[in-house]
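Hi,

Here is the structure I promised to pass on. Have a look at it first, and my notes follow underneath.

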Amino acid sequence: MLESNERLIRFYDVKFEAQPNNHHHKDPMPLESFLDNFVKRKDAAVKYINKNTAALRIVDIHIDQEEKVLVLLIHLTDSKLTDPAFEGLITGDVRYEKKKIGEGIAYSAHLAISYAEKSENYLALLEVVPGINTTRLSS
């Protein structure tokens, strides 16, 4: 369960790989090249998954030049998840909120990547949030 004032994080080694249309080779990509490509291609900020019923979207990017840290805010929206319900703490009354057509249940997580050291692998941390994990992010 997500608390409003605390988060669990996991640490990872991250490698950026170019994925050309033919997918025959994957070369390590310097983080600076990733950033240059990301800024040029706004369409690269969204990836539709699960037969286009869900989307991963980079909605915000912050670069701390002094600390050499890149922070991405990532949203996951999934139209197949059940409609949310809210229950009154005192009354126990339940209220259901129906999704509109084209909407999905949304989650957000921060991915922070340190690029202080030049390497093929970068130290990263990812907030632990339902549905947003390394498998989905690497697809």
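A quick word on naming before the rest: helices and strands here are DSSP runs, at least four residues for a helix and at least two for a strand, numbered from the N terminus. Bear in mind too that this is a predicted model.

With that naming, the chain reads β-α-β-β-β-β-β-β-β-α from the N terminus on, which comes to two helices and eight strands. Of its 139 residues, 21% count as buried. The accessible surface is about 10300 Å², and carbon and sulfur atoms hold 52% of that. As for contacts between residues at least 6 apart in sequence, 52% of them link residues at least 24 apart.

Now the strand pairing. β4 (residues 69-78) runs antiparallel to β7 (residues 105-114), and 10 bridges join the two. In that pairing, Thr 77 sits opposite Ala 106 of β7. β7 also pairs with β8 (residues 122-127), again antiparallel, through three bridges. There, Leu 111 has Leu 126 in β8 as its bridge partner.

Two backbone angles caught my eye, both at lysines. Lys 51 is not a glycine, yet has a positive phi of about 55°. Where is Lys 51 found? In the loop between β2 (46-49) and β3 (54-64). Lys 51 is exposed, because its relative accessible area is 83% and the cut-off for exposed is over 50%.

Lys 68 has a positive phi as well, near 60°, and lies in the loop between β3 and β4. Its relative accessibility is 34%, so Lys 68 counts as partly exposed.

Cheers

Definitions and conventions
Residues are numbered from 1 along each chain as its sequence is written. This is a predicted model: local features need pLDDT of at least 70, side-chain atom pairs count only at pLDDT 80 or more; totals for chains, interfaces and linings use all residues. Side-chain values use heavy atoms; hydrogens and water are left out. Buried means under 20% relative accessible area, exposed over 50%, partly exposed in between (1.4 Å probe, protein chains only). Contact means heavy atoms within 4.5 Å. Accessible areas come from the Shrake-Rupley method with a 1.4 Å probe; for residues, only the protein chains shown count as cover. Two strands pair if DSSP finds at least two bridges between them.
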